[in-house]
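Let's walk through this structure together, one feature at a time. Keep the 3D view open as you read.

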Amino acid sequence: MILRIYRATLQPTDREQVIAHIRDHVYLVATRAAGMNSFQCGLGVGDDGRFELALVSTWADFGLLHAAIGEDLRRPTWFREVETCLTPVAADHYELVGEALRGVVPLEGGVVHIGQGVLAPLGGERFFDEARAWQRDQLDGGTFVATHIGRRMDGSIEEAVYVGVGHGQAPTPELGVPRSAPIEREGGRPLFTSWEFVAFDALSRVPARGSEAVGVLLANDDREFAFATPGAAQLLGVPISRLGGMRVDDITAPDQRTSIPELWAAFIAEGSLAGPYRLQTRDGSVRSVAFSARANTPWPGYHVTVLGEPGTTIDVDDALSGAGLIARYEARLV
């Protein structure tokens, strides 16, 4: 699998136009692209006062990536309408060597952290072993809601990247690496000969971590979850990072699972479904919740479910708005 990190700069005067294009167009096209498994987007301020855009995505293979964004990897067709606003910086591609996470992860007050550098001789094995351990602990503990680890070779030079998508503005200490300068272990060999750490504000949002009245889940046609809010994770007792790629079947009470295909087909045909629902939580217990679901919302091919405690009044449109799923327009496919 492939980890892609696209970066471009833009002038402050073009900021609102580019952000609107990303929210109203890019998120829709990206999440519907064949072969894409995850997508995050952030915006930062460069040293020269210009803004810098970062798009982090993971893909099944290069063929599907090219089919989705075009042959010129530095100028994705997704940005054709605002291409004159953007100056490409880099389009870097890595082998994905950690867990292959799925889904879109927009956050309120969230940050996309990217650390990348050149590994020192014999530093690669140690770094990737440690990075996999960080990833597992951060995802299970909720430090980050998404992480990606990448590796690539340029001749004899080995490079690595670690991406973390999480809450808070400050660099996350649990990342285990400094913002700049080579990484060195006290009394040991350096892991890197060069290292860069940058952070970008997440462009879209979901409610901040904590208690919520409702939880929002977004599933594709195969009943796989591509998006979840912290409220849904709280109701299910599952870290938000682990919901991506799970299926509707996985969270349904075991005695109801055999009827899911029939119920799902009826739901898609009718367009909506509401009432009580029995969930299986992470510890195996079963609980009843209120739910309301709507097919092909917020865009075709994806289906939203809103969950709440029993007796909760659920408004799907309000829940979508609160979750930052604002791209509710027909995708203008390229």
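**Charged pairs, a helix and a sheet**

Glu-83 is partly exposed, with 33% relative accessible area. Its salt-bridge partner is Arg-75, with the N and O atoms 3.7 Å apart. Arg-75 is partly exposed as well, at 39% relative accessibility. Please bear in mind as you look around that this is a predicted model.

That pair has company, as the structure holds 15 salt bridges. Another one joins Arg-15 to Glu-16, where the closest N and O atoms lie 2.4 Å apart. Arg-15 counts as partly exposed, its relative accessible area being 29%.

Now turn to Asp-249 and Arg-223, whose side chains form a salt bridge at 2.9 Å from N to O. This pair ties together distant parts of the chain, 26 residues apart: Asp-249 belongs to helix 6 (residues 248–251), while Arg-223 sits in the loop between strand 10 (214–220) and strand 11 (225–228). Are these two partners buried or exposed? Asp-249 has a relative accessibility of 14%, and because the cut-off for buried is under 20%, it counts as buried. Arg-223, at 12%, is buried too. Salt bridges can also share partners, and in this way Arg-7, Glu-52 and Glu-196 are joined into one network.

Next, find helix 3, which runs over residues 124–141. Its 18 residues reach 25 Å from the first C-alpha to the last, close to the 26 Å expected at 1.5 Å a residue. Which of its residues are buried? They are Gly-124, Phe-127, Phe-128, Ala-131, Trp-134, Gln-135, Gln-138 and Leu-139. These residues lie on the same side of helix 3, because they cover an arc of only 120 degrees around the axis. Look at the face turned away from that buried side, and you will find the exposed residues Glu-125, Asp-137 and Gly-141.

Finally, let's visit the sheet. Five strands make up an open sheet with antiparallel pairing, in the order 11-10-14-13-12. At its edges stand strand 11 and strand 12 (272–280); each has a single partner strand, so one side of each is left without a neighbour in the sheet. From one strand to the next, the twist averages 30 degrees. To see the pairing up close, follow strand 10 and strand 11, which are antiparallel and pair over three bridges. Here you can spot Leu-217 opposite Ala-228, the latter in strand 11. The loop between strand 10 and strand 11 is also a place you have already met, as it holds Arg-223, the partner of Asp-249.

Notes
Residues are numbered from 1 along each chain as its sequence is written. This is a predicted model: local features need pLDDT of at least 70, side-chain atom pairs count only at pLDDT 80 or more; totals for chains, interfaces and linings use all residues. Side-chain values use heavy atoms; hydrogens and water are left out. A salt bridge is a side-chain nitrogen of Lys or Arg within 4 Å of a carboxyl oxygen of Asp or Glu. Buried means under 20% relative accessible area, exposed over 50%, partly exposed in between (1.4 Å probe, protein chains only). Helices (H or I, at least four residues) and strands (E, at least two) are DSSP runs, numbered from the N terminus. The expected span of a helix is 1.5 Å times one less than its number of residues. The arc is that of the directions from the helix axis to the C-beta atoms. Two strands pair if DSSP finds at least two bridges between them. Axes are lines fitted to C-alpha atoms, for helices over the stretch in contact, and angles run from 0 to 180 degrees between N-to-C directions.
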